[in-house]
Amino acid sequence: MSIYTLLPFLVLIAAMFLMTRSAKKKQQQASQMRNEMQPGSGVRTIGGMYATVKEVTEDTVLLDAGPGVELVFAKNAIGAVLTDDEYNRIVHGVEHDLKSDTDLVPDDASSLTADAAPAGDADDKVIDLGKKDTAEDAPAAEAKTAETAEKTEAADTADVKDTEVVKDTEVKDAAEATTGEAPKKTDGESDAK
């Protein structure tokens, strides 16, 4: 056997080894995360439910899903252990600002420029963004309309001439098919087709 015959099998075995190794590594990390759960930490189950850990036993976890709602889950059903900030953000909608208590983005754009007038003093003018024909634009618009009409008329005339040529050819072909002979040549026709 040559090395070229064994090469595909070696590549396949190496790929399978790498895939199983990464899967085992992920399983070990998940089991370590589940073993480190403590009462009071927020978790997300594999079904997508968020709850707080109340009690941890060897194989099960008692979760507090809300006031008066306690659920028993298998440890394998815990998808992720969340940090306190992440759990509060998702469940309670509480944003924890690490830098300051002020808004990072203002509610209006007036505070973005230093020399801008206050929002209440701004002139409330309605700006029409639609295009209107004025006296200056009218001749130009009429010229464009006339030019477009001429182009359309020229294209229609060309289409009619093309249609007539096709009809003449079809008539000649039909006459040839019924009589079995080629039609006689007229002025301007040649043998080349």
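A residue counts as buried when its relative accessible area is under 20%, and in this predicted model 9% of the 193 residues of the protein chain meet that description.

**Figure 1. The protein chain as a whole, with three helices and five strands.** Followed along the sequence, the elements of the protein chain come in the order α-β-β-β-β-β-α-α. The protein chain exposes about 16500 Å², and carbon and sulfur atoms supply 56% of that area. Among the contacts in the protein chain with a separation of 6 or more, 36% are accounted for by residues 24 or more positions apart.

**Figure 2. The largest nonpolar core, made up of seven residues.** The residues shown are Met37, Val43, Ala51, Val53, Val61, Leu63 and Ile78. The elements that give two or more residues to this core are β2, residues 50-56, and β3, residues 60-66.

**Figure 3. The surroundings of Met37, a member of the largest nonpolar core.** Leaving aside residues up to four places away in sequence, Met37 touches Val43, Val53, Val56, Val61, Lys75, Ile78 and Val81. Of these partners, Val43, Val53, Val61 and Ile78 also belong to the core shown in the previous view.

**Figure 4. Arg34, a buried residue without a salt bridge.** Arg34 lies in helix α1, and the nearest side chain of opposite charge, that of Asp59, is 11 Å away. When residues up to four places away in sequence are not counted, Arg34 touches Lys75, Asn76 and Ile78; Lys75 and Ile78 are also among the residues that Met37 touches.

**Figure 5. The one salt bridge that the structure holds.** Glu70 forms this salt bridge with Lys54, and the closest N and O atoms of the pair are 2.1 Å apart. The pair links distant parts of the chain, since Glu70 belongs to strand β4, residues 69-74, whereas Lys54 belongs to strand β2, and 16 residues separate them. Side chains of opposite charge can pair when their charged atoms come close. Glu70 counts as partly exposed, at 44% relative accessibility, and Lys54 is likewise partly exposed, with a relative accessible area of 43%.

**Figure 6. A nonpolar surface patch of about 580 Å².** The patch is made by Ile3, Tyr4, Leu6, Phe9 and Leu10. One of these residues, Phe9, lies in helix α1, which runs over residues 3-35. Phe9 has a relative accessible area of 54%, and because exposed means over 50%, Phe9 counts as exposed.

Note on methods. Residues numbered from 1 in each chain as written. Predicted model: local features only at pLDDT ≥ 70, side-chain atom pairs only at ≥ 80, totals over all residues. Heavy atoms only, no water. Core = buried A, V, L, I, M, F, W, Y, C linked by side-chain atoms within 4.5 Å. Buried < 20%, exposed > 50% of the residue type's maximum accessible area, 1.4 Å probe, protein only. Helix = DSSP H or I, 4+ residues; strand = E, 2+ residues; numbered from the N terminus. Contact = heavy atoms within 4.5 Å. Areas by Shrake-Rupley, 256 points an atom, 1.4 Å probe, with all protein chains shown as cover. Patch = residues over 30% accessible without salt bridge, like charges linked within 9 Å, V, L, I, M, F, W, Y side chains within 5 Å. Salt bridge = Lys/Arg side-chain N within 4 Å of Asp/Glu carboxyl O. Lys, Arg positive; Asp, Glu negative; His and termini not counted.
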